[in-house]
Amino acid sequence: RVLRPSRLPRGPPGLPVLGNVLDIPPKGLFLKLDEWKRTHGDVFTLKAPGQKIVVLASAKSAADVLDKMSAPTSGRPRYIMMNEIMAGNLTIAGISANDRWKRCRRIIHEGFNMRAVDAYAQLQEEESGRLCRYLLQNPGCNLYPVLERTSCGAILRALYDAPSLFVSPKGEEKVHKLAQQMDAFMKAAMPLAYLVEMFPAMRHLPRWLAPFKAYGEDFFKETNAYLEKWYQEGCKSKEEGGKSKGFVVASEETRAQFGVTAQEAAWVSATIYAAATETSAAVVQAFCMAMLLYPEVQKKAKAEIDAVLGSHCPTLSDKASMPYVQAIVKETLRWRPPLSSGVQDVDYGDYTIPKGTIVIGSIWSINHDALTFGDPSVFRPERFLAPDEKTQSRPLPNYHDDDIAYGHGRRLCPGRHFANNMLFLEIAYLLWAFDIVHAKDGKGRDIDMPNLQFVDRGLTCRPADFPCTFKPRQPNLSEILPPIA
Ligand code: HEM
């Protein structure tokens with residue numbers, strides 16, 4: 001099988017030598033992939049100098065290649081600048097499925113598997129409640145930063161037992177520094193951001209001849225010191241009277257058992273932080289947008305919430321009694337996936353995809369496949385419910401239970417249980433506390449919002465900002481919501 005000649009699928013023609021390099025847009029690649037899918041079918045090839053990229057744009061092709069052949073397709077392309085130089089090969093999201101990756105995934109699994117995430121339920125409930133209190137006290141605030149503060153605060157508490165960001169301005173400073181580091185990584189991961197990706201030999205140029213290398217190496221030194229310091233502080237949080245046993249404390253106790261070094265554990269924690277923040281905030285923002293566009297969905301969800309909760313705040317233990325709210329979470333992840341693709345490097349030659357080919361599972365295209373979903377652009381949670389509307393169902397055989405938004409195969413998101421709980425709580429809380437309605441202009445008319453405009457940050461993508469009003473549903477909401485401090 002391995003020796004059979006490769007037969008790559010066809011794709012857009014491109015130019016000699018440069019291939020499709022000039023066709024790849026700097027922003028909105030997922031929409032371009034979806035456009036190519038309509039012309040070239042659901043599996044097609046893109047070419048760049050020295051590199052072939054196969055795009056899997058349907059649930060079946062992604063399941064066949066990335067789920068069923070998960071071992072050979074769990075590699076990563078070489079991100080020379082972002083991963084090797086700027087991160088010293090320490091971000092587990094950026095490295096191939098090597099020994100380090102396996103060890104690090106083990107400690108993540110210990111802290112974030114389906115049962116382990118129960119330990120974070122209380123802090124997730126508290127942060128979701130604080131989100132609502134903040135919106136109550138700051139009507140008209142810019143929504144996305146508040147959602148990011150909520151997801152950052154929750155994961156910081158889970159990892160480092162740090163104080164809530166709604167309470168601690170000092171925490172905001174730390175987060176700001178991390179955000180700058182994440183920005184630099186995101187920029188470096190953009191296609192063609194650095195020539196060294198196309199001409200890997202440049203990696204071996206001396207520092208004085210290669211300013212990109214000097215910058216990257218200095219960045220690594222500084223970031224590494226910062227992350228290790230953060231990790232050490234997190235380890236001490238318990239001794240200093242921290243309330244819960246955060247992931248860092250737990251992993252410090254168990255990491256030796258899995259052969260994980262303190263430096264690796266520090267980078268694992270930071271990678272989790274980076275992976276958890278924008279993604280979750282983007283989904284809740286998309287949910288708010290859906291509630292403005294689909295008021296009938298909001299009404300139906302509230303009927304379920306009122307029947308289950310009455311005037312009590314939602315908790316994670318209410319999840320099982322709220323199939324419709326759960327279906328809203330799943331539909332939001334389908335409708336506006338915050339990561340529009342997962343990129344794998346095929347490490348083993350099948351007769352159609354040769355070793356070294358980059359494979360992109362195009363999450364957006366899979367989730368917007370008209371053959372599968374009929375009306376993919378419509379937000380319709382019912383597609384995730386069985387006809388009795390009380391139990392979940394899959395919309396198609398290849399749509400695995402974990403939601404395509406969480407990726408495929410061995411690289412499936414290890415934080416999905418934490419994320420699903422957080423999304424459920426934030427969404428249930430917002431629906432329980434508020435009517436989410438259009439903001440009005442000076443003449444009392446609804447302000448229109450851009451439905452298909454995005455803030456594309458390279459790796460993550462979220463809806464463009466839109467104004468939105470949160471109208472309290474209960475006159476005494478302020479008394480019922482948990483306090484901020
Ligand atoms: C709605 C929220 C989230 C979504 C949609 C999401 C989605 C994804 C996707 C699609 C991948 C795979 C990317 C690829 O194959 O290239 C991934 C990887 C990852 N996610 Fe998430 N994620 C979310 C939240 C989280 C949270 C809360 C955590 C941690 C608690 C987390 C931790 C990670 C890590 C560490 C990886 C890298 C795994 C690896 O490369 O082996 N994510 N995520």
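Helices and strands here are DSSP runs, numbered from the N terminus. That numbering helps to place Leu15, which lies in the segment before α1 (29–40). The model is a predicted one.

**A patch at the surface**

Leu15 has company. Together with Leu18 and Leu22, Leu15 makes a nonpolar surface patch of about 280 Å². Is Leu15 buried, exposed or partly exposed? Leu15 counts as partly exposed because its relative accessibility is 44%, and the partly exposed class runs between 20% and 50%.

**The nonpolar cores**

In soluble globular proteins, nonpolar side chains tend to be buried together. Here the largest nonpolar core has 65 residues. Which of its members touch the most other members? They are Phe112 and Tyr273. Helix α10 (residues 262–293) gives the most to this core, with 8 residues. Another core lies apart from it and has 58 residues. Among them are Val283, Leu292, Tyr406 and Ala433.

Phe112 has many neighbours. Leaving out residues up to four places away in sequence, Phe112 touches Val117, Tyr120, Ile155, Leu159, Phe247, Ile272, Pro414, His417 and Phe418.

**Two helices and their cover**

One of those contacts, Phe247, leads to helix α9 (residues 247–254). The buried residues of this helix are Phe247, Val248, Val249 and Ser251. Their cover includes α4 (99–112), α6 (143–160), α8 (211–236) and α10.

Helix α2 (residues 59–67) has its own buried residues: Ala59, Ser61, Ala62, Ala63, Val65 and Leu66. What do they pack against? Their partners are strands β1 (43–48), β2 (51–56), β3 (342–345) and β4 (358–361), along with helix α13 (363–367).

**The iron atom**

The ligand holds an iron atom, and a single donor from the protein reaches that iron. The donor is Cys413, through its SG atom, 2.3 Å away. Cys413 sits in the loop between α14 (370–373) and α15 (416–433).

**Salt bridges**

Side chains of opposite charge can pair when their charged atoms come close. How many salt bridges does a search of the whole structure find? The search finds 34. Three of them are listed here.

| Salt bridge | N to O distance |
|---|---|
| Lys60 and Asp64 | 2.7 Å |
| Asp183 and Arg457 | 2.6 Å |
| Glu389 and Lys300 | 3.0 Å |

Lys60 and Asp64 both lie in helix α2. They are 4 residues apart, about one turn of the helix. Lys60 counts as partly exposed because its relative accessibility is 48%. Asp64 is partly exposed too, at 26%.

Asp183 pairs with Arg457. Asp183 lies in helix α7 (residues 169–189), and Arg457 lies in the loop between β6 (454–456) and β7 (461–463), so this pair ties together parts that are 274 residues apart in sequence. Asp183 is partly exposed at 28% relative accessible area. Arg457 is partly exposed at 29% relative accessibility.

Glu389 forms a salt bridge with Lys300. Why does this pair tie together parts of the chain? Glu389 lies in the loop between α14 and α15, and Lys300 lies in helix α11 (residues 295–309), so the linked parts are 89 residues apart in sequence. Glu389 is partly exposed, with a relative accessible area of 35%. Lys300 counts as partly exposed at 31%.

Some salt bridges share partners. These join Glu331, Arg334, Asp375, Arg380 and Arg383 into one network.

Definitions and conventions
Residues are numbered from 1 along each chain as its sequence is written. This is a predicted model: local features need pLDDT of at least 70, side-chain atom pairs count only at pLDDT 80 or more; totals for chains, interfaces and linings use all residues. Side-chain values use heavy atoms; hydrogens and water are left out. A nonpolar core is a set of buried Ala, Val, Leu, Ile, Met, Phe, Trp, Tyr and Cys residues joined through side-chain atoms within 4.5 Å. Buried means under 20% relative accessible area, exposed over 50%, partly exposed in between (1.4 Å probe, protein chains only). Helices (H or I, at least four residues) and strands (E, at least two) are DSSP runs, numbered from the N terminus. Contact means heavy atoms within 4.5 Å. Patches are made of residues with over 30% relative accessible area and no salt bridge: like charges are joined within 9 Å, nonpolar side chains (Val, Leu, Ile, Met, Phe, Trp, Tyr) within 5 Å. Accessible areas come from the Shrake-Rupley method with a 1.4 Å probe; for residues, only the protein chains shown count as cover. A salt bridge is a side-chain nitrogen of Lys or Arg within 4 Å of a carboxyl oxygen of Asp or Glu. Donors are N, O and S atoms within 2.8 Å of the metal (3.2 Å for Na, K and Ca); water is not among the atoms, so sites may look incomplete.
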